[in-house]
Amino acid sequence: MAAGEDPSDEALIVRIVGGDREAFAALYRRHRAEVYRFAMHISGSRPVADDVTQDVFMAVIQHAGRYRPERAAVLPWLLGIARNHVRRALDQRPTVTLPDVESAAGRTLVVEIDPLGGLARRQHVLALRRAVLELPVRYREAIVLCDLQELTYDDAATALGCAIGTVRSRLHRGRALLASRLRGADQPLFRTPVARGML
Amino acid sequence: MSDRGRDDLAAALRQLAQSVEVPPLDPDRERALLEAFDAAQQEKRAPAFRSNVWHPVAAAALLALAATMAWVIVGRFARPPAAPVVGPLATTEFVLWPGAAELPTFESGHLMRMEVPVSALPSLGLAPPATHAAVVQADVLVGQDGLPRAVRLSPDF
């Protein structure tokens, strides 16, 4: 690949099908993070997210020739593959690993101007993550793709293999469930000025 | 959900989106993928290579088969027909009729001599005799219920 080139995802796929190793490495580096985030948001587990990310790109190696640019952009196609792998992983391992506040990220030594505010913010993010993970997976997928990863409805529909209307309705239902669960859990997310201010 | 509630939720979700830390690129994982990519490419190329290798082998095998057939045909017409050879001794002894073991115990019966196609003999467990005849005489032992129990080639087939 020549320096300074920024080939499109579709062009990379064409080259991958042709056996171009550099194109594959470029696609991996470009989309690895988005695939990881998706898997992490859906599964709540770092090991699952790691494995799914690897599995998705293994699938690209095997099935890049099946990609049809007229049907989907590359990222939704990859997230569609990731979705299948995450679902399989969740079926094999039905318990969701919730993020640990004492995890490596939580133990990172940081200097905070407002330590109490920082702690409360982390707790609220954790509560929200827990609420997302407790959503039925069909609503969780719609929330993650559209609200967290900011895909268009069209791309989300491609990744989920359903109609745009279905994405809209799942999103609507998912958001309502999320809001009610957060209220039901007595989370101060929408109630106190402190919480609003933090978010 | 009110507009305000929707905005709050959207903001909270944005914060959640940013909270996921993606681990830095792991060179080992990337290397493993690239090795898998190389292996897949080699596998893709391998069938073409194998078929190229097998083309001459297949041609040689065909040639050998054709030569053998020609040798057999020429040999058959060049030599006088072989004298009939009496089949092995076993062909004149009774062998159990296929499936007869499942039938009621043999109490009484009779022998029936009949013509049996040579081609059917192997399925009865009999070695076909060296003969050009299409059918041979066989003795079938029929039980009290009219069902065959055993068969043999007639001694004077």
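In this predicted model, helices H2(A) and H3(A) cross in a right-handed manner, meaning that the near helix is turned clockwise from the far one by less than a right angle. H2(A) spans residues 21-43, and its axis lies 8 Å from that of H3(A) at an angle of about 140°. H2(A) is therefore oblique to H3(A), a label for angles that are not under 35 degrees, over 145 or from 65 to 115. Helices here are DSSP runs (H or I, at least four residues) numbered from the N terminus. Local features need pLDDT of at least 70, while side-chain atom pairs count only at pLDDT 80 or more. Residues are numbered from 1 along each chain as its sequence is written, and chains are lettered from A.

H3(A) also helps to line the second largest pocket, as do H4(A) and H8(A), each with at least two residues. This pocket (an open set of 1 Å grid points with protein on both sides within 12 Å along at least five of seven lines, lined by residues with an atom within 4 Å of a point) has a volume of about 400 Å³. Of its 19 lining residues, Arg71(A), Trp77(A), Gly80(A), Ile81(A) and Asn84(A) are the closest to the centre. H4(A) supplies the largest share, 8 residues.

Helix H7(A), residues 137-148, is largely enclosed by the rest of the structure, because 10 of its 12 residues are buried (under 20% relative accessible area with a 1.4 Å probe). Among them are Tyr139(A), Arg140(A), Glu141(A) and Asp147(A). Just after H7(A), Glu150(A) adopts a positive phi of about 55°.

Key: Side-chain values use heavy atoms; hydrogens and water are left out. On a 1 Å grid over the protein atoms alone, a cavity is a set of points where a 1.4 Å probe fits but cannot get out, and a pocket is an open set with protein on both sides within 12 Å along at least five of seven lines; lining residues have an atom within 4 Å of a point. Grid points are joined across faces, edges and corners, and a volume is the space filled by probe spheres set on the points. Buried means under 20% relative accessible area, exposed over 50%, partly exposed in between (1.4 Å probe, protein chains only). Axes are lines fitted to C-alpha atoms, for helices over the stretch in contact, and angles run from 0 to 180 degrees between N-to-C directions.
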